[in-house]
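Welcome, and thanks for taking a look at this one. Please have the chain open in your viewer as you read along.

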Amino acid sequence: MTDAGAVAAALADAHRSEWARVLAATARVARDLDLAEECVQEAYAAALRSWAATGVPDNPAAWLTTAARRRAIDAIRRASALRTRLPLLVEPEGDPSPALTDDEAATDWERTEDAMDPAAPAPDDRLRLIFTCCHPALAADAQVALTLRLVCGVATTDIARSFLVPEATMAARITRAKKKIAVARIPYRVPRKAELPERLRAVLNVVHLLFTAGHTAPSGPSLVRADLVERALQLASLLQELMPDETEVHGLLALLLVTDARRATRADERGRLIRLEDQDRTRWDRAALARADVLITGCLRAGVPGRYVLQAAIAVLYAEAPSYEETDWPQLVALYDALLRAWPSPVVALNRTVPLAMTAGPGAALAEIADLERDGRLAGYQYLPAIKADLLCRLGRTGEAAEAYRQALALASNEAERVFLAERLAAVSG
C-alpha cells in the first residue's frame, strides 16, 4: 500500500501538469469533447484507487492516458453495438459519428487534411485542443471558459467564480460551447499556415485576457487573482513549447513574465495598492525578468515586431530602469508609437500619455486625454479619469483632479483600487 498523501500529491501534480495532454490524447479517440472529458475524469478517479494499491507509476501521464483512452474506446464500442443490435433506432441523416473499428478509434476524431499537410505547424494534440477551444465561431467568453475547463482542468465552480456568475450559468455556457463544436463540426486540428495568423491572435488574446483578469481582479478585496495568473502563465509556456517559431507567442510569454515579476510589490501587507514609482524594485522577480529579456531580444532580432512583442518590450523597459525617474521615457514614447501602428487601440493611446507627460509635460498628455474623451470608446474605462486626475494634480488643478478621481472611483470595482483612489481623492480635496 502506498501512503494516501503521496498518492494524492502525485495525482494533484499529474492534474496540474498533464491534464491537457491526457484530455487531448483522449479526444482523438473519443471524437467528442464531452465523452473525452468524462473518460479522463474517470481515469483520474481510478488512479486514486489503483495507485494506493500498486504504487504511483513511473509515468503517471502515460498511465492516465492509457486508462482514459481505453474507456473512450469501450464507450464507442458500446455505442456501436447498440446501433448494430437495435436497427430500429435509425440515426439522423448525415450523422458524423458512424460505428468505429478499433483502428478507426485510434485516429483523429475528424479526418482533417492537416494530418498530411506539410504546412501544419505542429502535430501535438494539446495544440489542437487549444485551437479548438479558441475557435472564432465561439463567443469570446466561451473561448476563455472552455480553455480553462478543458486545457487547464479548472473546475466549473472556480470558472464561474472568476466570471462572477452562478455555477449553473457557467456550466450551461460550457455545455453550449461543446455542442456548438459538435454541431458546427469544428475540426480538431491546428489551422493551416494560411489560417494561422488570425486564429493564433484569438488564442493569444484568450491567454492575455485570462492573465489580465488575474493581474488586477475585476472585483473583490484582493488586487491579484494568483490562480488566474498561474493558469495564464501555464498556457503561455505551453504555447511557447508547442510553437517555438512564433515570435508573438514568445512576446506574450515575455509580457506575462515581466508584468507578473512585480506581483510581490504591487500591494502592501494590508492589501493596499502601491504605485509603480513607489515599488521596491529589489523585490522584483529577477529570474522572470531575465527570462523575459532573453525572449524579447530574440523576438526583436527575428524581424518586424507584433503587438505582444512590442508590449513586452515596453514592460521590460519600465522594469530595467534603475528607478522610475530614470526610465527611458523618450524610448517608451517611440515604442508606444510603434505599438499604435501595429495595434491601433485607444487603451494603447491612453497608456502612451504616461511617458508623454514625462517627456513633453502633463499639458501635452492632457491634450491627448481630451482627444480620447471626445473619441468616446473609453467611456466607462476607469483608468482614463484616474490618469487624467494624476496629470491635473501635477498642474496644480486640484479641483478638477478631485472630480476626475470621483469619476474613476465610481467606475472601479476592485476594492484595493477603490481604496487607493479614495485616498488620492481625500489628498487632493484637502
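In which helix does Asp-125 lie? Asp-125 belongs to helix α5, which covers residues 125–133. Before going further, please keep in mind that this is a predicted model.

**Asp-125 and its surroundings**

Asp-125 has a relative accessibility of 17%, and because that is under 20% it counts as buried. Setting aside neighbours within four places in sequence, Asp-125 touches Ala-24, Ala-25, Arg-28 and Tyr-188.

**The chain as a whole**

Stepping back, the protein chain contains 19 helices and 0 strands. Its C-alpha trace extends over about 85 × 50 × 40 Å along the principal axes. The chain has 430 residues, and 47% of them count as buried. The exposed surface of the protein chain comes to about 20700 Å², with carbon and sulfur atoms supplying 55% of that area. Looking at contacts with a separation of 6 or more, 64% are between residues 24 or more positions apart.

**Three helix pairs**

Two packed helices are described by the angle between their axes and the distance between the axes. Here are three pairs from this chain, side by side.

| Helix pair | Angle between axes | Distance between axes |
|---|---|---|
| α11 (residues 247–260) and α13 (residues 307–320) | about 30° | 7 Å |
| α15 and α17 (residues 383–394) | about 15° | 10 Å |
| α6 (residues 140–151) and α9 | roughly 80° | within 10 Å |

Let us take α11 and α13 to begin with. Their axes pack at an angle of about 30°, and because angles under 35 degrees count as roughly parallel, α11 is roughly parallel to α13. The crossing of α11 past α13 is left-handed. On the α11 side, the residues in contact are Thr-247, Glu-248, Gly-251, Leu-252, Ala-254, Leu-255, Val-258 and Thr-259. They meet Arg-307, Tyr-308, Val-309, Gln-311, Ala-312, Ala-315, Val-316 and Ala-319 of α13. Sorted by class, the contact of α11 with α13 has 10 nonpolar, 4 polar and 2 charged residues.

Next come α15 and α17, which pack at an angle of about 15°. That angle makes α15 roughly parallel to α17. Here, too, the crossing is described as left-handed, with α15 passing α17. From α15, the contact draws on Leu-350, Thr-353, Val-354, Ala-357 and Met-358, which meet Tyr-383, Leu-384, Ile-387, Leu-391 and Arg-394 in α17. The class count for the contact of α15 with α17 is 8 nonpolar, 1 polar and 1 charged residues.

The remaining pair in the table is α6 with α9, whose axes cross at roughly 80°. This makes α6 roughly perpendicular to α9. Gln-143, Val-144, Thr-147 and Leu-148 of α6 meet Ala-202, Val-206 and Leu-210 of α9. By class, the contact of α6 with α9 has 5 nonpolar residues, 2 polar residues and no charged residues.

**A closer look at Leu-350**

Leu-350 deserves a visit of its own. Is Leu-350 buried or exposed? With a relative accessibility of 0%, Leu-350 counts as buried. Leu-350 sits in helix α15, which spans residues 346–360. Leaving out neighbours within four places in sequence, the contacts of Leu-350 are Ile-369, Leu-372, Leu-378, Tyr-381, Tyr-383, Leu-384 and Ile-387. Among these, Tyr-383, Leu-384 and Ile-387 also appear on the α17 side of the contact with α15. Another residue to locate is Ala-365: 15 residues separate it from Leu-350 along the chain, and the two C-alpha atoms are 9.0 Å apart.

**Two arginines in loops**

Most residues other than glycine have a negative phi. Against that background, two arginines are worth finding in your viewer. Arg-31 is not a glycine, yet it has a positive phi of about 60°. Arg-31 lies in the loop between α1 (4–30) and α2 (33–54). Arg-185 has a positive phi of about 50°, although it is not a glycine either. The loop that holds Arg-185 runs between α8 (167–183) and α9 (196–215). With a relative accessible area of 43%, Arg-185 is partly exposed.

**Across the chain from Ala-52**

Finally, turn to Ala-52, which lies in helix α2. Ala-52 is buried, with a relative accessible area of 18%. Ala-52 and Arg-281 are 229 residues apart in sequence, and their C-alpha atoms are 46 Å apart in space.

Note on methods:
Residues numbered from 1 in each chain as written. Predicted model: local features only at pLDDT ≥ 70, side-chain atom pairs only at ≥ 80, totals over all residues. Heavy atoms only, no water. Axes fitted to C-alpha atoms, helices over the stretch in contact; angles between N-to-C directions. Helix = DSSP H or I, 4+ residues; strand = E, 2+ residues; numbered from the N terminus. Parallel < 35°, antiparallel > 145°, perpendicular 65-115°, else oblique. Left-handed = near helix turned anticlockwise from the far one by under 90°. Contact = heavy atoms within 4.5 Å. Nonpolar A, V, L, I, M, F, W, Y, C, P; charged D, E, K, R; others polar. Buried < 20%, exposed > 50% of the residue type's maximum accessible area, 1.4 Å probe, protein only. Areas by Shrake-Rupley, 256 points an atom, 1.4 Å probe, with all protein chains shown as cover.
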